[in-house]
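Colleague: I would like to go through this model with you, from the sheet to the cores and the charged pairs. Please reason each point through.

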Amino acid sequence: MTRVLIAGLGNMGRSHALAHHHHPDAQIVGLVNRSAVDLPEELKGYPLFPTFEEGMATNPDLVVIATYSDSHADYACAAMEAGAHVFVEKPLATTVADARRVMAKAQDTGRKLVVGYILRHHPSWMRLIAEARALGGPFVFRMNLNQQSRGAEWETHKALMQTTPPIVDCGVHYVDVMCQITDAAPVRVHGMGLRLSDEIAPDMYNYGQFQVIFADGSVGWYEAGWGPMMSETAFFVKDVISPNGAVSITEGNKGASADIDGHTKVGGILVHRPEGDRRIEMPDEPGHQQLCDAEHAYMLRAIAEDIDLTRHMSDAVMSLAICLAADESIRTGRPVSLEEAAQ
C-alpha cells in the first residue's frame, strides 16, 4: 500500500486526491492546503494540514504536488530528499533551471517523478499523435486553447497569473504533443502577447501566442488567452498538417471554453489525404476525473514496476523550455534560440 500526501486542494488537487481515494493500492495519509477549503464528502475524513512541512511529517511514500507553480520545484525536491516519490502538476517549475534541478534530484535519489501531462493518458490524443506521425513530416502544428472565464473561474485565472501566464500553464500540454509528433529538437521561438485587463499585474499578460521552429523544419503555432473578454469562436483548434495530408480534431466548439472536460475530449478525428478523407469516431471518451485516475494509476505502476521515466522527465523539461522561451520572447520583443535548451 502506497502512503500518499496531497499538497494543494484546488480543482486539480481535489481530482488527484479522489483518484488516490478510490485506488485500491493507495492510502491517503494527509491533505495540505494553506487555507480552509470545501472538500468533497469522500475527502473530509483525512487529516488536513496547513503547511507542506506538517504534511511531510506523515512520512508519505508518494507526494502529489498541486500547489501554485512557483512552489513546485522546491516541494518536489524536498519530498524526494525525504525519500518520497513525486507526482507534480504541470508546469514542472517556473524556470528551466529549476525544472532541471528537479529532474536531477529524481535521478540522484532514485525516486520516481511524473509530471501531470494528462493528454499522455488520453486514448484519443494518443491516437491523434499516432495518426499524425504516420503521415510523415515535416509538420505544421496549429493549436490553441482560449478560455472565456468569469466569476470564480476568472478569479482562479488571476491567481494563477501571479506566477504563470496562460501560454505556459496550458501551453506545455500542446507543445508536448507537438514534440511527440515531430520528435525533433526545437530551434527558435517567436512570441507575442497582450495585457487585456487592468485586473492583472502590469508585467503580466492574459493573451499570448507563439511560433516554434523545429530542427526538421516543422513549425508550430500555439495561442492561449484567459478572461471575460475572450471570444468563444474558434477557441479550440487542433490541426497537424504535413506534405501528405492533415489530422484534425473535428469537434472544436463543444460547449463553453471554460468547460474543463471539453479541453481534453476529441470526439472525432479527421485524417485527410489527397486521395480521400477518413473520419475516426471516439465514443465514450474518458472525462477529467477518469483521466486523473489514469495518471495516478500510471504513477503507482511506475513505482511498483520501476519504470524508467528518463524520457518522460526530459520531455517535460523540453516542453517547459519552449513555453518559457515564448514568454521571454514576449517580454523582450525578440526571438529566442532554443538550441542550448535542446542539448
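Modeller: This is a predicted model. I will begin with Glu-305, which at 49% relative accessibility counts as partly exposed.

Colleague: Which residue forms a salt bridge with Glu-305?

Modeller: The partner lies in helix α10 as Glu-305 does, four residues apart, about one turn of the helix. At 38% relative accessibility, the partner counts as partly exposed. The closest N and O atoms of the pair are 3.5 Å apart, and the partner is Arg-301.

Colleague: What is the strand order of the open sheet?

Modeller: The sheet has six strands with parallel pairing. Its edge strands, each pairing on one side only, are β3 (48-49) and β6 (113-115). Two bridges join β2 (residues 26-32) to β3. The order is β3-β2-β1-β4-β5-β6.

Colleague: Which helix packs on the sheet, touching β1, β2, β4, β5 and β6?

Modeller: The helix spans residues 288-305, and its direction makes about 160 degrees with that of β5. Glu-305 and Arg-301 both lie in this helix. It is α10.

Colleague: Where does the largest nonpolar core lie with respect to domain 1 and domain 2?

Modeller: This core has 86 residues, of which Phe-210, Tyr-222 and Ile-322 touch the most other members. Helix α11 (residues 310-332) gives the most to it, with twelve residues. Domain 1 (2-115) and domain 2 (119-290 + 320-337) both give residues to the core, so it lies between them.

Colleague: How many residues are in the second, separate core?

Modeller: Its members include Val-4, Leu-9, Ala-26 and Leu-62. The count for this second core is 19.

Colleague: Is Asp-176 buried or exposed?

Modeller: Asp-176 forms a salt bridge with Arg-120, the closest N and O atoms being 2.8 Å apart. The pair links distant parts of the chain, with Asp-176 in helix α8 (residues 171-182) and Arg-120 in the loop between β6 and α5, 56 residues apart. Arg-120 counts as partly exposed at 23% relative accessibility. Asp-176 has a relative accessible area of 2%, under the 20% limit, so this residue is buried.

Colleague: Which residues are linked with Arg-120 and Asp-176 in a network of salt bridges?

Modeller: The structure holds 19 salt bridges, and the one between Asp-176 and Arg-120 is among them. The other residues linked in this network are Asp-183, Arg-311 and Asp-315.

Colleague: What separates Lys-158 and Glu-155 along helix α6?

Modeller: The two form a salt bridge, with the closest N and O atoms 3.0 Å apart. Lys-158 is buried at 16% relative accessible area, whereas Glu-155 counts as partly exposed at 46%. They are three residues apart in the helix, so the separation is about one helical turn.

Conventions:
Residues are numbered from 1 along each chain as its sequence is written. This is a predicted model: local features need pLDDT of at least 70, side-chain atom pairs count only at pLDDT 80 or more; totals for chains, interfaces and linings use all residues. Side-chain values use heavy atoms; hydrogens and water are left out. Two strands pair if DSSP finds at least two bridges between them. Contact means heavy atoms within 4.5 Å. Axes are lines fitted to C-alpha atoms, for helices over the stretch in contact, and angles run from 0 to 180 degrees between N-to-C directions. A nonpolar core is a set of buried Ala, Val, Leu, Ile, Met, Phe, Trp, Tyr and Cys residues joined through side-chain atoms within 4.5 Å. Buried means under 20% relative accessible area, exposed over 50%, partly exposed in between (1.4 Å probe, protein chains only). Domain bounds come from an automatic or database domain assignment. A salt bridge is a side-chain nitrogen of Lys or Arg within 4 Å of a carboxyl oxygen of Asp or Glu.
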